[in-house]
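Hi,

Here is the structure I promised to pass along. Have a look at it first, and then read on for my notes on what turned up in it.

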Amino acid sequence: MRLKSEVWVQAYLRRVNAAGASAMLVRRGDRDAGAIYIKICDLGGLAWLFSPAPPSLSPEGPAQSWAAEFDGDARPEREVDERLAGLLSYDRDIWIIEVEDRGGRHFLTDWLN
C-alpha cells in the first residue's frame, strides 16, 4: 500500500533528523499524491537530487521508490535548484525536501530504484 505523500514526508523528516542530519520541508505539495523530490546538500556547495521513480509492484501493492538524478553524481547546488525550479514551473503539486549532511547521506537506501 502506498502512503499518502504528507505521511511519507513527515516520517522521512523524522528519520533524517533523528540520525543527526538536518532535514527541512522547502515546499509542501499535494497532501495525497504530490511527487516528492529530495535534495541532499553536503554543505560544501554540492548537491544530489532524488526524484520519484515509477512505482514498482510487489505482493503488497505499488511501492514508492526514488531514483538519483544526474546519474547519481553531485552537482553544484545551483544546478539542482534550477532543475527543481523547472519542475515547479509545470507541476505545482510537488513536495521538496532539503537535507543538509556533510557526508551527503540521503537516508533512502530502502527506497532506491
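Let me begin with the rings: Trp-8, Tyr-12 and Trp-66 are linked into a cluster by ring pairs. Please keep in mind that this is a predicted model, and that every value below is computed from it.

There are two aromatic pairs in the structure. One of them joins Trp-8 and Tyr-12, which are stacked, with 5.0 Å from centre to centre and 15° between the planes. Where do Trp-8 and Tyr-12 lie? Both are in helix H1 (residues 5-18), four residues apart, or about one turn of the helix. Both are also buried.

For orientation, the protein has two helices and eight strands. Along the sequence they follow the pattern α-β-β-β-β-β-β-β-α-β. Of the 113 residues, 40% are buried. Among contacts with a separation of 6 or more, 70% are between residues 24 or more positions apart.

**Strand E2**

The strand I would look at next is E2 (residues 36-41). Six of its six residues are buried, so E2 is largely enclosed by the rest of the structure. In a regular strand, side chains alternate between the two faces of the sheet. Here both faces are covered: Ile-36, Ile-38 and Ile-40 are buried on one side, and Tyr-37, Lys-39 and Cys-41 are buried on the other. Note that a lysine, Lys-39, is in that buried set.

Which strands pair with E2? Strand E8 (residues 95-100) runs parallel to E2, with six bridges between them; the partner of Ile-36 in E8 is Trp-95. Strand E3 (residues 46-52) is antiparallel to E2 and is joined to it by four bridges, and here Ile-40 has Trp-48 as its bridge partner. The hairpin of E2 and E3 has four residues between the strands, and in it Leu-43 takes a positive phi near 65°.

Arg-102, in the segment after E8, comes back to this hairpin. Setting aside neighbours within four places in sequence, Arg-102 is in contact with Asp-42 and Leu-43. Its C-alpha atom is 9.5 Å from that of Ile-40, although the two residues are 62 apart along the chain. Is Arg-102 buried or exposed? Its relative accessibility is 67%, so it counts as exposed.

**The nonpolar cores**

In soluble globular proteins, nonpolar side chains tend to be buried together. The largest nonpolar core in this model has 17 residues, and those touching the most other members are Trp-8, Tyr-12, Ile-36, Ile-38, Ile-97 and Val-99. H1, E2 and E8 are the elements that give two or more residues to this core, and the largest share, five residues, comes from H1.

Ile-36 is a good residue to click on. Apart from residues up to four places away in sequence, Ile-36 touches Ser-5, Trp-8, Val-9, Phe-50, Ser-51, Pro-52, Trp-66, Trp-95 and Ile-97. A second, separate core has 11 residues, including Phe-70, Leu-88, Ile-94 and Ile-96.

Ile-94, from that second core, sits in the loop between H2 and E8. With a relative accessible area of 0%, Ile-94 is buried. Beyond its neighbours within four places in sequence, Ile-94 contacts Arg-27, Arg-28, Gly-29, Ala-35, Tyr-37, Leu-87 and Leu-88. Ile-94 and Leu-84 are 10 residues apart in sequence, and their C-alpha atoms are 9.6 Å apart.

**Helix H2**

That brings us to H2 (residues 77-90). At 1.5 Å a residue, its 14 residues should span 20 Å, and the end C-alpha atoms are 21 Å apart, which agrees. Which residues of H2 are buried? They are Val-80, Leu-84, Leu-87 and Leu-88. Viewed down the helix axis, these buried residues fall within an arc of 100°, so they line one face of H2. On the other side, Arg-78, Ser-89 and Tyr-90 are exposed. The cover over the buried residues of H2 includes strands E1 (22-27), E2, E3, E7 (75-76) and E8.

If you open only one view, try E2: it has E8 on a parallel pairing, E3 on an antiparallel one, and buried residues on both faces.

Best wishes

How values were computed:
Residues numbered from 1 in each chain as written. Predicted model: local features only at pLDDT ≥ 70, side-chain atom pairs only at ≥ 80, totals over all residues. Heavy atoms only, no water. Phe/Tyr/Trp six-rings, centres within 6.5 Å; stacked < 30°, edge-to-face > 60°. Buried < 20%, exposed > 50% of the residue type's maximum accessible area, 1.4 Å probe, protein only. Pairing = 2+ DSSP bridges. Expected span 1.5 Å × (residues − 1). Arc of directions from axis to C-beta. Contact = heavy atoms within 4.5 Å. Core = buried A, V, L, I, M, F, W, Y, C linked by side-chain atoms within 4.5 Å.
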